Amino acid sequence: MEKIQKFLETKLLPFASKMAGQRHLAAIRDGFITFIPFLIIGSIFIIIQDFPAPGWQELQVKLFGEFFNQFIILPKRVTYDIMSLFIVAAISYKLAQSYRVDALSAAMLGISSFVLLTPITTSIDINGTAHVVEKVITVGGWYGTNGILVAIITALVVTEIFNYFIKKGITIKMPDGVPPAVSRAFSALVPGFIIIVAMLLVRLLFLQTDYQYIHEFIYQIVSVPMESLVANNLFGAIGTVFAISLLWCVGLNGGTIVNGIMRPFWVPLQDENLAAIEAGKSAPNIITEQFFDMIWIGGAGATLAVVFVLIYRSKSKQYRELGKMSLAPGLFNINEPIMFGLPVVLNPICMIPLILGPIVITIINYTAMALNLVASPTGVIIPWTTPPVIQGFLITGHWSGAVLQLVDILVVMFIWYPFIAVMDKKKVAEESGVATGNSKNTNNNLGA
């Protein structure tokens, strides 16, 4: 046990801390986090449109008319379906902030560059004949979830170039009397011009290839292999929960690190599920970010099960009180009281169930969904604080999702129980020793 703890403290912790603080990964992570509230807003209207209740669609038509279904989904169109524009701006802004350069200029240059690299034509079918419409930014497609990877690359490259020019002083310098806002605007002129020209040349370069656009190139070379080999299969899911749980073992929020890397590959899968649900079909993908939300019952490590074991099976007064205090936060997927109060962090005994529990229920959940025993995630994003069971129902749009989370809790309780029992026995002995010591001291005082 001491060797394991030494490895965690001396090897894993420094490496994981360095990765968590890496400037570009942090910008990607924070950029997505910034946009998550808007995705939740869009998801609320998706739930309104396709609420999982018999006769809901007919009731909408009866109450509001046949066009209400497409009207109520408009918030989804302006969040999900143009999210690449928001993502490129958010990541550019966050990265520029870390460099302490003009973040707003970087964000606007990011958007401009992304549009330059993206098709501005679309095809419309009229009476069986395809008509090409030019000079249009489409809703969905490369401007939606399919363009996220290019949005990330564009944001990082543009901001790095912008930062280089600013730090090297290759800018137009205004006299001292000019207002700061005007001075900042003109300082972005030279790097902005160079960036726009560079992106225009990239667009021209890809137009000479079979791919036509960088989006298609990145999608075929990177996105498709990553989705099939890592993001959308059981082994990739197991690797994801293993990495997140292992990082939590050393006190780092593994979700923010791993999700920041994997989210660009999950979002298109999630969007495919939403499109299928809208078309009245079954969701084609099991692995989305919402699949993992169902795993983290009570927070990373599925620690709500630990709370129940502490409350109902531990004999230690300290552990029972910790369980009671952790219940309310755990029901809203906040696990810090357990992680640092038990503690789980840097505790070799807890390391095994913390990693094993999520892996086991990942296998159970994937198998149940693959066999159609449980509905797959619809792609709807809900607040991460949504209580378990309710969460399972909303994510899958079916009661089977709620039942599955109940099963998951029982499985994780079974895995954790032997380890809690060992720790509980030791803690009871400590409490008995303290009580005995206090009793002796009291008797001595009385005798005196």
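## E321 and its helix

E321 is partly exposed, because its relative accessibility of 42% falls between the 20% and 50% cut-offs. This value, like every other here, comes from a predicted model. The side chain of E321 meets that of K324 in a salt bridge. The N to O distance is 3.8 Å, and the cut-off for a salt bridge is 4 Å.

Both partners belong to helix α16, which covers residues 317-331. E321 and K324 sit three residues apart, about one turn of the helix.

## A salt-bridge network

The E321 pair is not part of the next group. K76, R77 and D81 are joined into one network by salt bridges that share partners. D81 bonds to K76, with the closest N and O atoms 3.2 Å apart. D81 also forms a salt bridge with R77, again with 3.2 Å between the closest N and O atoms. In total, the structure holds six salt bridges.

How buried or exposed are the members of this network? D81 counts as buried, because its relative accessibility is 7%. K76 is buried as well, at 4%. R77 is partly exposed, with a relative accessible area of 22%. That value lies above the 20% limit for buried residues, so R77 falls in the middle class.

## Cysteines

How many disulfides does the structure hold? A search of the whole structure finds zero. C249 is in no disulfide, and the nearest cysteine sulfur, that of C350, is 8.8 Å away. C350 is in no disulfide either, and its nearest cysteine sulfur is that of C249, at 8.8 Å. A disulfide needs two cysteine sulfur atoms within 2.5 Å, so this pair does not qualify.

Both cysteines are covered by protein. C249 counts as buried because its relative accessibility is 2%. C350 is buried too, with a relative accessible area of 0%.

## A nonpolar surface patch

Six residues form a nonpolar patch on the surface: F193, I194, V197, L201, L204 and L207. Together they have about 530 Å² of accessible area.

V197 is one of the patch residues. V197 is found in helix α10, residues 189-207. How accessible is V197? Its relative accessibility is 34%, so V197 counts as partly exposed. Patch members need over 30% relative accessible area, so V197 passes that limit.

## The loop at G397

Where is G397? G397 lies in the loop between α19 (390-396) and α20 (399-447). G397 is partly exposed, because its relative accessible area is 24%.

A375 is 22 residues from G397 along the chain. The C-alpha atoms of G397 and A375 are separated by 7.5 Å.

## The whole chain

The protein chain has 20 helices and two strands. Of its 448 residues, 45% count as buried. The accessible surface comes to about 22300 Å². Carbon and sulfur atoms account for 68% of that surface.

Which share of contacts joins residues at least 24 apart? Among contacts between residues at least 6 apart in sequence, the share is 71%.

Methods. Residues numbered from 1 in each chain as written. Predicted model: local features only at pLDDT ≥ 70, side-chain atom pairs only at ≥ 80, totals over all residues. Heavy atoms only, no water. Patch = residues over 30% accessible without salt bridge, like charges linked within 9 Å, V, L, I, M, F, W, Y side chains within 5 Å. Areas by Shrake-Rupley, 256 points an atom, 1.4 Å probe, with all protein chains shown as cover. Helix = DSSP H or I, 4+ residues; strand = E, 2+ residues; numbered from the N terminus. Buried < 20%, exposed > 50% of the residue type's maximum accessible area, 1.4 Å probe, protein only. Contact = heavy atoms within 4.5 Å.
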